[in-house]
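Here's a quick briefing to read with the model open beside you. Take a moment to look it over, then work through the topics below.

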Amino acid sequence: SLTTNLEATVPLNNDPKLNVGLDFKYGLTRSITADVTINTDFAQVEEDVQQVNLTRFSLFFPEKRDFFLEGQGIFGFSGQGDGGPSDGSGDVPTMFFSRRIGLSKGQPVPAIAGARVTGKAGDFDLGLINIQTDNKPSADAVATNFSVVRIKRDILRRSNIGFLVPRRGPSMNHNDSNFTLGIDAN
């Protein structure tokens with residue numbers, strides 16, 4: 001962008017600002033794909049439909065960002081096929097909800113870079129995500145790393161067993177990281 005504002009306190013004349021992002025997709029094998037995103041801009045995502053929440057529970061909006069949508073079924077835990085919250089029919093906790101990445105106190109937090117590997121290798125479904133976000137003091141957000149590992153193995157005809165390991169850890173200056181391990185079978 002190029003900005004000119006001659007009426008500002010400190011006048012600007014053709015002040016340049018560069019903001020470049022990169023998305024890259026590569027097929028590691030026939031059925032395993034790697035995606036890399038650098039300086040991610042999620043601005044192209046459509047807005048959520050406004051809802052009035054009169055309950056004490058948070059609203060869960062569906063994921064709409066392309067980086068998280070592709071292969072999201074792999075990250076479903078214990079029957080939660082889309083990786084999001086359950087339909088309220090069970091007691092299964094929501095272990096990974098990608099919609100929380102890049103948001104803090106309702107404000108967007110810049111994503112510096114991210115990588116995802118998803119696919120199928122033999123009887124195994126594989127899913128790996130790693131995303132680094134930046135500081136945003138106005139949202140009380142510190143630089144944070146989000147990582148998720150999901151491995152499921154097909155057994156018999158329509159059954160599987162697997163595990164999900166999400167981790168969220170802020171920059172090295174803070175000690176409030178979060179690590180969870182879940183094992184499921186369908």
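Two strands count as paired if DSSP finds at least two bridges between them. Keep that in mind for the strand pairs below, and remember that you're looking at a predicted model. The protein chain has one helix and 12 strands, so strands are going to come up a lot, given that a strand here is a DSSP run of at least two residues.

**The overall picture**

- Following the sequence, you'd read the pattern as β-β-β-β-α-β-β-β-β-β-β-β-β.
- The protein chain has 186 residues, and 29% of them count as buried.
- About 12600 Å² of the protein chain is exposed, with carbon and sulfur atoms supplying 55% of that area.
- Take the contacts in the protein chain with a separation of 6 or more: 44% of them come from residues 24 or more positions apart.

**Strands S8, S9 and S10**

- How many bridges join S8 to S9? There are 10, and the two strands run antiparallel.
- Across that pairing, Gly127 sits opposite Arg150 in S9.
- S9 also pairs with strand S10 (residues 159–170), again in the antiparallel sense, over 12 bridges.
- Arg150 turns up here too, standing opposite Leu164 in S10.
- S9 and S10 make a hairpin with three residues between them. In the turn, Leu156 has a positive phi of about 55°.

**The nonpolar core**

- In soluble globular proteins, nonpolar side chains tend to be buried together.
- The largest nonpolar core in this model has 13 residues. Among those with the most contacts inside it are Phe75, Phe96, Ile129 and Val148.
- Which elements give two or more residues to this core? They are helix H1 (66–69), strand S8 (124–133) and strand S9 (144–155).
- Val148 makes a handy starting point for exploring. Leaving aside neighbours within four places in sequence, Val148 is in contact with Phe75, Phe96, Gly127, Leu128, Ile129, Leu164, Val165 and Pro166.

**Asp125, an acidic residue to look up**

- You'll find Asp125 in strand S8.
- Is Asp125 buried or exposed? Asp125 is buried, because its relative accessible area is 15%, and the cut-off for buried is under 20%.
- The side chain of Asp125 makes a polar contact with the side chain of Lys120, at 3.2 Å.
- Not counting residues up to four places away in sequence, Asp125 touches Gly119, Lys120, Arg150, Ile151, Lys152 and Asp154.

**One aromatic pair**

- The structure holds one aromatic pair. Phe24 and Tyr26 form it, and they're stacked: 6.4 Å centre to centre, with 5° between the planes.
- Phe24 is partly exposed, with a relative accessible area of 45%.
- Tyr26 is partly exposed as well, with a value of 48%.

**Asp176, out in a loop**

- Where is Asp176? Its place is in the loop between S10 and strand S11 (178–179).
- Asp176 counts as partly exposed, because its relative accessibility is 45%, and partly exposed covers the range between the under 20% and over 50% cut-offs.
- Setting aside neighbours within four places in sequence, Asp176 is in contact with Arg168 and Pro170.

Terms used. Residues numbered from 1 in each chain as written. Predicted model: local features only at pLDDT ≥ 70, side-chain atom pairs only at ≥ 80, totals over all residues. Heavy atoms only, no water. Core = buried A, V, L, I, M, F, W, Y, C linked by side-chain atoms within 4.5 Å. Buried < 20%, exposed > 50% of the residue type's maximum accessible area, 1.4 Å probe, protein only. Helix = DSSP H or I, 4+ residues; strand = E, 2+ residues; numbered from the N terminus. Contact = heavy atoms within 4.5 Å. Areas by Shrake-Rupley, 256 points an atom, 1.4 Å probe, with all protein chains shown as cover. Polar contact = N/O pair within 3.5 Å; in protein donor to acceptor, adjacent residues only side chain to side chain. Phe/Tyr/Trp six-rings, centres within 6.5 Å; stacked < 30°, edge-to-face > 60°.
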